[in-house]
Amino acid sequence: MRIATLLLPLLLLVMALPVAAQDGIGTFRAAECPFELAAGSATVSCGYVTVPEFHAKPEGSTIELAVAVISSTAASPAPDPLVMAQGGPGGSTLDLFGPTMAEAGGLGAFFLDQRDIVLIEQRGTLYSVPNLVCDEGFDLLVETIDQNLTLEEAIELTNQADFACRERLISEGINLSAYNSLENAADVPVVMDALGYDTFNYYGI
């Protein structure tokens with residue numbers, strides 16, 4: 001897979017990895033977009049791409065990454081879309097970039113008059129399956145927001161919530177060691193191949 005780079009003033013990451021489609025890996029299934037679009041926005045198609053839990057073990061378990069394709073407004077779009085991914089870590093790409101990049105006359109219009117924009121919700125984040133969102137932390141915030149906790153108390157309770165989240169995820173069968181930058185990077189060419197793109201430009205935070 002050949003990847004062309006788009007020169008941007010912020011960090012760009014490019015990679016090229018072989019894709020092995022088997023047992024559903026590298027397949028796309030359409031789904032409703034999880035975000036709302038303003039009137040006049042560009043056409044957006046959403047869904048999920050199946051990727052290996054561990055790319056070195058394609059015969060093992062799989063996960064699903066949420067994706068959104070914002071279609072170019074050009075009559076003959078360039079073959080190399082702009083791929084965008086949120087950082088954080090743990091941020092939602094679809095929530096951050098979906099409505100903004102599709103909005104008529106918005107930032108995305110600068111790219112959409114030439115090429116598609118592809119948004120990839122990284123593994124473990126909000127709309128991908130499974131997600132690793134820790135509701136325990138949000139619950140703690142709600143429970144203690146009116147309490148005058150000391151710094152030590154806040155740290156202790158936060159640590160307890162974090163460990164509770166970790167134990168819950170493990171009990172649900174989630175292998176936390178699969179959620180890292182190496183596997184994230186390997187996901188990208190699998191997703192792009194599933195969407196039918198041979199060449200792309202990658203922007204990551």
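Helices (DSSP runs of H or I, at least four residues) and strands (runs of E, at least two) are numbered here from the N terminus. The model is predicted, so local features are described only at pLDDT of at least 70 and side-chain atom pairs only at pLDDT 80 or more, while totals for chains, interfaces and linings use all residues. Residues are numbered from 1 along each chain as its sequence is written, and side-chain values use heavy atoms, with hydrogens and water left out.

A good place to start is helix α4, which runs through residues 151-171. Its 21 residues reach 30 Å from the first C-alpha to the last, close to the 30 Å expected at 1.5 Å a residue; the expected span is 1.5 Å times one less than the number of residues. Three residues of α4 are buried, namely Ala161, Cys165 and Leu169, where buried means under 20% relative accessible area, exposed over 50%, and partly exposed in between (1.4 Å probe, protein chains only). These buried residues lie on the same side of α4, because they cover an arc of only 70 degrees around the axis. The arc is taken from the directions that lead from the helix axis to the C-beta atoms. As background, an α-helix has 3.6 residues a turn, so residues three or four places apart point the same way. The buried residues of α4 pack against α3 (135-144), with contact defined as heavy atoms within 4.5 Å. On the other side of α4, Glu152, Phe163 and Ser171 are exposed. Following α4 comes Gly173, which has a positive phi, near 90 degrees.

Cys165 of α4 also leads to the next topic, the disulfides. The structure holds two of them, a disulfide being a pair of cysteine sulfur atoms within 2.5 Å. With bonded cysteines counted along the chain, the pattern is 1-2, 3-4.

One disulfide pairs Cys134 with Cys165, with the sulfur atoms 1.9 Å apart. Cys134 sits in the loop between β5 (117-120) and α3 and Cys165 in helix α4, so this pair ties together parts that are 31 residues apart in sequence. The link is left-handed because the torsion about its S-S bond is about -80 degrees. Its two ends fall into separate classes of exposure: Cys134 is partly exposed at a relative accessible area of 28%, whereas Cys165 is buried at 1%.

The other disulfide joins Cys33 to Cys46, at an S to S distance of 1.9 Å. This pair links distant parts of the chain, 13 residues apart, with Cys33 in the loop between β1 and β2 and Cys46 in strand β2. The link of Cys33 and Cys46 is right-handed, with 95 degrees about the S-S bond. Cys33 is partly exposed, with a relative accessible area of 22%, and Cys46 is buried, with 6%.

The loop between β1 (28-31) and β2 (44-52) is also home to Ala39. At a relative accessible area of 80%, Ala39 is exposed. Ala39 and Glu103 are 64 residues apart in sequence, yet their C-alpha atoms are 8.1 Å apart in space.

A final stop is Asn184, found in helix α5 (residues 181-194). Leaving aside neighbours within four places in sequence, Asn184 is in contact with Gln122 and Arg123. The side chains of Asn184 and Gln122 are joined by a polar contact of 3.0 Å. A polar contact is a pair of N or O atoms within 3.5 Å; within protein, one must be able to donate a hydrogen and the other to accept it, and residues adjacent in sequence count only if both atoms are side-chain atoms.
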